Amino acid sequence: MVSNDFSSDFQNKMSAKIVIAGGFGAGKTTLVGSVSEIPTVTTEAVMTEASIGFDDTASTPDKATTTVAMDFGRITVDQQLVMYMFGTPGQARFWFMWDDLVRGAVGAVVVVDCRRLADSFDAVDYFETNRRIPYIVALNRFDDRLEYTIGQVREALEVSGDVPIVDFDARNRSSGGTVLTTLLRYALATNAAAAPVA
């Protein structure tokens with residue numbers, strides 16, 4: 001049975017939905033898992049021979065599973081705010097789910113693997129075209145390094161100048177937390193600027 005104090009505290013909190021998007025194997029599931037305060041809900045399926053020709057694992061030879069629906073996690077930012085994270089599947093054949101996953105989101109993070117920039121074009125294009133959802137780009141450090149500078153990535157992916165681009169390590173809770181903080185600040189500023197003047 002839930003105590004009255006707990007129930008009251010929970011009811012006084014605001015919640016925000018955010019989406020973690022990006023290409024196949026970019027680190028979306030890892031990011032959600034590293035920052036979530038609850039065990040993450042994942043829809044990881046074992047990759048089989050059926051994925052040959054669809055999933056490029058050249059840069060991720062040890063990857064044995066892939067997200068087929070979504071990842072879900074939660075993080076309490078402070079006494080007033082709880083964020084719910086929804087990670088999208090990265091493969092093109094599952095993109096039909098994206099519209100449902102982003103509905104109601106206050107913002108999105110596009111996770112990019114700099115070793116495979118081309119895999120990020122579609123995710124960036126989705127949010128650039130659909131600008132009602134503020135988004136940021138997070139460059140995941142594989143082997144603790146980036147293949148390109150932030151400026152080079154912005155130019156290559158044609159990311160708007162106002163969109164923040166940060167680098168991070170998806171395995172590191174603190175680093176992932178910085179990404180989420182950057183998104184929240186940007187989303188708040190973007191939504192405030194778009195609000196009609198009374």
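A polar contact of 2.5 Å joins the side chains of Asp71 and Thr29, and that is a good place to start exploring this predicted model. From there, we can follow the charged residues: some pair up in salt bridges, of which the count comes to 8, while Asp122, Asp125, Glu155 and Glu158 gather in a negatively charged patch on the surface.

**Asp71, a buried charge**

- You can find Asp71 in strand E3, which covers residues 65-76.
- Asp71 is buried but takes part in no salt bridge.
- Lys28 carries the nearest side chain of opposite charge, and it is 6.9 Å away from Asp71. A salt bridge needs a side-chain nitrogen of Lys or Arg within 4 Å of a carboxyl oxygen of Asp or Glu.

**Salt bridges to look for**

- Side chains of opposite charge can pair when their charged atoms come close.
- Asp113 and Arg115 form a salt bridge with an N to O distance of 2.9 Å. Asp113 counts as buried because its relative accessible area is 2%, whereas Arg115, at 32%, is partly exposed.
- Arg116 and Asp119 form another salt bridge, at 2.7 Å from N to O. Here Arg116 is the buried partner, with 7% relative accessibility, and Asp119 is partly exposed at 31%.
- These four residues, Asp113, Arg115, Arg116 and Asp119, are linked in a network of salt bridges.
- Asp169 and Arg171 also meet in a salt bridge, 2.8 Å from N to O. Asp169 is buried at 16% relative accessibility, while Arg171 is exposed at 59%.

**The negative patch**

- Asp122, one of the patch residues, lies in helix H4, residues 121-129.
- With a relative accessible area of 41%, Asp122 counts as partly exposed.
- Asp122 and Leu157 are 35 residues apart in sequence, and their C-alpha atoms are 9.4 Å apart in space.
- Glu158, another member of the patch, is in the loop between H5 and strand E7 (165-168). Its relative accessibility is 64%, so Glu158 counts as exposed.

**Two residues with positive phi**

- Glu158 has a positive phi of about 55 degrees, although it is not a glycine.
- Asp143 has a positive phi too, near 55 degrees, and is likewise a residue other than glycine.
- Look for Asp143 in the loop between strand E6 (135-140) and helix H5 (150-157). Asp143 is exposed, with 62% relative accessibility.

Note on methods: Residues numbered from 1 in each chain as written. Predicted model: local features only at pLDDT ≥ 70, side-chain atom pairs only at ≥ 80, totals over all residues. Heavy atoms only, no water. Patch = residues over 30% accessible without salt bridge, like charges linked within 9 Å, V, L, I, M, F, W, Y side chains within 5 Å. Areas by Shrake-Rupley, 256 points an atom, 1.4 Å probe, with all protein chains shown as cover. Lys, Arg positive; Asp, Glu negative; His and termini not counted. Charge placed at Lys NZ, Arg CZ, Asp CG, Glu CD. Helix = DSSP H or I, 4+ residues; strand = E, 2+ residues; numbered from the N terminus. Buried < 20%, exposed > 50% of the residue type's maximum accessible area, 1.4 Å probe, protein only. Polar contact = N/O pair within 3.5 Å; in protein donor to acceptor, adjacent residues only side chain to side chain.
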